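Here is a short note for your review, as numbered points. Please read it with the model open.

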Amino acid sequence: MLSHLSPRATLAATASVAVIGLSLALYPTLRRDAVLPGAQPARVDGAPAAEATAPGAEARKAEAPAEIAAPPAIVEATPGADLRAAGAPAAGAPATTAPVPAADTSGAVSSLADSRREAEAPAAMPQAMEHEGGAQMAPAPLARSRESSAEVGGFAAPGFAPDALAPLPAPDTEAFANEDPNPVKIAAEEPVSTFSIDTDTASWPVVRSSLAAGMLPPREAVRIEEMVNYFPYGYPAPEAGGAPFRASVSLFPTPWNAGTRLLRIGIQGALPATDARPPLNLVFLIDTSGSMEDANKLPLLKQSFRLMLSQLRPEDRVAIVTYAGSAGLVLEPTPAADRGAIEGALDRLSAGGSTAGQEGLQQAYAVAEGMGAEGRVSRILLATDGDFNVGISDPEALKDFIAGKRESGIYLSVLGFGRGNLDDATMQALAQNGNGTAAYIDTLPEAQKVLVDQLSGALFPIADDVKVQVEFNPAAVAEYRLIGYETRALAREDFNNDRVDAGEIGAGHQVTALYEVTPAGSPARLSDPLRYGTAPEGGDASELGFLKLRWKAPGAAHSQLVETPIPAAPGEAGDDARFAAAIAGMGQLLSEPKYLGTWGWDEAIALAAGAKGDDPYGYRAEAVGLMRLAASLSR
């Protein structure tokens, strides 16, 4: 039968089979590179760079038939290469298929491009998506026409631009740490409120990235205390020779309820001079798994760490540990003065493989322990999207592992990068149990804020296990509720138990907490008095309550106590107080607005805009813009 085939027919048949096989082999890679803006060209040179990394890609890869595996040693894709030359071997590479004439490949290439456009058309349509809480989320508009020419998988092909779509979060693949909003408490029945301080700021950039992408954030991503604590306030500094921080209180009318008041507790940490701080042992623990390849993950991480290097002193030391399929020591402990060696190690990092988080943590702690020396601060700085899928991946198991390492005196802080598979729950479990903080970096300016402007607070602790307890006076207070701090709640008896872990305050750090308080006799009271209850004993109503704080010096086993009475007389709210209230209102509008009455976005915007005050870096102005955007998306 073969003898009846002409040489031309044979060549055409061979070319068709080769093109179809090549198209099927490259399809997953082409799809991934096109859908993920900023993705690097696929490599098919024998290295595992073609491993799927987009959310859901693992499942798609597992479902693919074995017969469609990519042939060995296909040419490496290079930016700008013509797709019509896909059948030709690269210089120096052995050819695995016969050269295919350009005329025979054009139809197959066109069919592949058409099938890709048809498969991706539903995802590109600007349809509204259902918010988990019921709100509508609309994708961001296309950045440019899909008809423009662009590189797909390293080849130049018309009809699709990989960066045409704005990088949209995918809330259904993300996990956030949060609890139900704090309820209203009756002061006569539960006069004591206890919680651990929180200096994390991760929630605000997550909210910002969602709004910037044209959608409301997931409700569980909104942690109001982290939003409020993102902004600097003008709290008085501690006095020399006393505690390393100073607590101040203020009471003013609640913007959304004329019958209640807001109690603001502000804590300001001392900020020692740079040359007075102890030398630092810093271990960068960097997630280099396949899920980190996006432009807003590993590439942004590298840029962020370069910014921080300029803030380190010559006597500080840096080591780099990475983890993907397995963990590895990329840079031995190196003096910060040798910046070239550190930057060179960062430059060599690339993404690929699964996420062996447990193994990476174990090696990072071992390296940090080996660097330890008297008088030095040791901290692991974990940078990840939180997608732990090898080893311990359950937040509770990770919590136990980190808690066991906490006694070594090594601090663990977490920096989150990227959206789509952000595992905020795991990151929070690590930071809270590792005596550290959690931040989320979505832009290079955010890296400047966290790793340059606030570096001392992020790396150098001045007080450990800081707990707050407020006892409200039933003679002055009918009801109260703590706004935020749901994941930081402590039992009343935990306050005096030095074995119970709590949050840390870094050098220069600030902490803000807000209570909505209903005065005794106010018509705004939500609960009815009990028919058979005992009326609270009469007392001095000049005190609203009593504030107590417990803290430990870094490395100490026993805590110290600070106490402050809270006057019942309200005062005028300054710009700082009103702006903090506006952000707390914004957080409630995005999560649970049931206590706000008719107060809405217009009122929140007006309050924040009128309280910007001194805003040297534009953080407050940005907040007003985001409120306006949230208001539009909510309608």
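1. A definition comes first. A salt bridge here is a side-chain nitrogen of Lys or Arg within 4 Å of a carboxyl oxygen of Asp or Glu. Asp575 and Arg578 form such a pair, with their closest N and O atoms 2.5 Å apart. They sit three residues apart in helix 13, so about one helical turn separates them. Asp575 is partly exposed, at 32% relative accessibility. Arg578 is also partly exposed, at 24%.

2. Please keep the origin in mind: this is a predicted model. The protein chain has 635 residues, and 50% of them are buried. Its secondary structure comes to 15 helices and 21 strands. The accessible surface is about 27600 Å², and carbon and sulfur atoms account for 54% of that area.

3. How far apart in sequence are the residues that touch? Take the contacts between residues at least 6 apart in sequence: 77% of them join residues at least 24 apart.

4. Helix 4 deserves a close look. It spans residues 203-212, and nine of its 10 residues are buried, so the rest of the structure largely encloses this helix. The buried set is Ser203, Trp204, Pro205, Val206, Val207, Arg208, Ser209, Ser210 and Leu211. Which elements cover these residues? The cover includes helix 5 (224-228), strand 15 (438-441), helix 11 (444-453), helix 13 (575-590) and helix 15 (619-634). Just after helix 4, Gly214 takes a positive phi of about 90°.

5. Charges come next. The salt-bridge count for the model is 21. One of these pairs joins Arg208 to Asp442, with the closest N and O atoms 2.7 Å apart. Arg208 lies in helix 4, whereas Asp442 lies in the loop between strand 15 and helix 11, and the two are 234 residues apart. Are Arg208 and Asp442 buried or exposed? Both are buried. The pair also belongs to a wider set: Arg208, Asp442, Glu446 and Glu622 are linked in a network of salt bridges.

6. A second pair links two strands. Glu516 forms a salt bridge with Arg481, and their closest N and O atoms are 2.9 Å apart. Glu516 is in strand 19 (residues 510-519) and Arg481 is in strand 17 (residues 477-483), 35 residues apart along the chain. Glu516 is buried, with a relative accessible area of 6%. Arg481 is buried too, at 5%. The cut-off for buried is under 20% relative accessible area.

7. Now the packing of helix 4 on helix 15. Their axes are 10 Å apart and meet at an angle of about 50°. That makes helix 4 oblique to helix 15. The crossing is left-handed. Helix 4 contributes Trp204, Arg208, Leu211 and Ala212 to the contact, and helix 15 contributes Glu622, Ala623, Leu626, Leu629, Ala630 and Leu633. Two of these residues, Arg208 and Glu622, also appear in the salt-bridge network.

8. How does helix 14 (residues 601-609) cross helix 15? The axes come within 9 Å and cross at roughly 175°. Angles over 145 degrees count as roughly antiparallel, and helix 14 and helix 15 are therefore roughly antiparallel to each other. On the helix 14 side, the contact uses Trp601, Ala604, Ile605, Ala608 and Ala609. On the helix 15 side, it uses Val624, Met627, Arg628, Ala630, Ala631 and Ser634. Ala630 of helix 15 is also listed in the contact with helix 4.

9. One last residue to inspect is Gln268. It lies in strand 9 (residues 257-269). Gln268 counts as buried, at 9% relative accessibility. The C-alpha atoms of Gln268 and Tyr235 are 6.0 Å apart, although the two residues are 33 apart along the chain. What does Gln268 touch, leaving out residues up to four places away in sequence? The list is Tyr233, Tyr235, Pro236, Ala237, Pro238, Pro244, Phe245, Arg246, Gly508, His509 and Gln510.

How values were computed
Residues are numbered from 1 along each chain as its sequence is written. This is a predicted model: local features need pLDDT of at least 70, side-chain atom pairs count only at pLDDT 80 or more; totals for chains, interfaces and linings use all residues. Side-chain values use heavy atoms; hydrogens and water are left out. Helices (H or I, at least four residues) and strands (E, at least two) are DSSP runs, numbered from the N terminus. Buried means under 20% relative accessible area, exposed over 50%, partly exposed in between (1.4 Å probe, protein chains only). Contact means heavy atoms within 4.5 Å. Accessible areas come from the Shrake-Rupley method with a 1.4 Å probe; for residues, only the protein chains shown count as cover. Axes are lines fitted to C-alpha atoms, for helices over the stretch in contact, and angles run from 0 to 180 degrees between N-to-C directions. Angles under 35 degrees count as roughly parallel, over 145 as roughly antiparallel, 65 to 115 as roughly perpendicular and the rest as oblique. A crossing is left-handed if the near helix is turned anticlockwise from the far one by less than a right angle, and right-handed if clockwise.
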